[in-house]
Amino acid sequence: MPTISVTREIAAPPERVWAVVTDIDRAAEVMKGVDKVERVGGGAGFEVGTAWRETRTMLGKRSTETMTVTAIDPGRSYTVEADSRGTHFTSVITVAPQGEGTLLSMTFGGEAEGPAAKLAGIFGKLFERATRRLVRRDLDDIAAAAEA
């Protein structure tokens, strides 16, 4: 699967954007593409080891994945990883000051193994377009919450 990067300017300070992107408990309220979030590890905060099950409806199918924070630079970026159907997914969310606002970026990619690797090669471009739209919608929803 190709790596996808999407960037969005937000008219809110980086601290506010960081608070929104790390508030896992409210993710389903903030992002319309998320149906449900349930914490499964890492306590009540947001740190390496924080884990949650995230349910989304994508391409007409409901899917639940367990996401785990594997790296964090507080206030600036974090990495989330998940394994699903033979693919290891990695997302990096970056929050950076830009003028009086914030530049929010998300990079998303997957490394397929076994039979999934062959399918990823065949369907990669199809999923890339849909995934890019999904990521862009998530960033738009985060911007709306941070700017409110």
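Tyr78 stands opposite Ile93 in strand S6. I start there, and I should say at once that this is a predicted model. The strands involved are S5, residues 77-84, and S6, residues 87-98, and eight bridges join them in an antiparallel arrangement. Another facing pair is Asp83, which has His88 opposite it in S6. The hairpin of S5 and S6 has two residues between the strands, and in that hairpin Arg85 takes a positive phi near 50°.

Now follow Ile93 to its other neighbour. Which residue of S7 is the bridge partner of Ile93? That partner is Met106. S6 and S7 are also antiparallel, with 12 bridges in their pairing. Towards the turn, Gln98 stands opposite Gly101 in S7. This hairpin, of S6 and S7, has two residues between the strands as well, and Gly99 there takes a positive phi near 60°.

S7 then pairs with S1. Seven bridges hold that antiparallel pairing, and one of the facing pairs is Thr7 with Ser105 of S7.

How much of S7 is buried? Nine of its 12 residues are, so the strand is largely enclosed by the rest of the structure.

Next, the sheet as a whole. What is the order of its strands? Reading across, we have S1-S7-S6-S5-S4-S3-S2, seven strands in an open sheet with antiparallel pairing. The edges are S1, residues 4-10, and S2, residues 34-41, and each of these pairs on one side only. From one strand to the next, the twist averages 25°.

What packs on this sheet? Helix H1, residues 14-21, does, and it touches S1, S4, S5, S6 and S7. The direction of H1 makes about 155° with that of S6. For orientation on your screens, S4 covers 61-73 and S7 covers 101-112.

After H1 comes a loop leading to helix H2, residues 27-30, and Thr22 lies in that loop. Is Thr22 buried or exposed? Its relative accessibility is 13%, so Thr22 counts as buried, the cut-off being under 20%. Leaving aside residues up to four places away in sequence, Thr22 touches Phe46 and Tyr78. That brings us back to Tyr78, the residue opposite Ile93.

The last stop is another loop, the one between S3, residues 51-58, and S4, where Leu59 lies. Why does Leu59 count as exposed? Its relative accessible area is 61%, and exposed means over 50%. Leu59 also belongs to a nonpolar surface patch, which it makes together with Met58 and Phe127. The area of that patch is about 290 Å².

To recap the two loop residues: Thr22, between H1 and H2, is buried, whereas Leu59, between S3 and S4, is exposed.

Conventions:
Residues numbered from 1 in each chain as written. Predicted model: local features only at pLDDT ≥ 70, side-chain atom pairs only at ≥ 80, totals over all residues. Heavy atoms only, no water. Pairing = 2+ DSSP bridges. Helix = DSSP H or I, 4+ residues; strand = E, 2+ residues; numbered from the N terminus. Axes fitted to C-alpha atoms, helices over the stretch in contact; angles between N-to-C directions. Contact = heavy atoms within 4.5 Å. Patch = residues over 30% accessible without salt bridge, like charges linked within 9 Å, V, L, I, M, F, W, Y side chains within 5 Å. Areas by Shrake-Rupley, 256 points an atom, 1.4 Å probe, with all protein chains shown as cover. Salt bridge = Lys/Arg side-chain N within 4 Å of Asp/Glu carboxyl O. Buried < 20%, exposed > 50% of the residue type's maximum accessible area, 1.4 Å probe, protein only.
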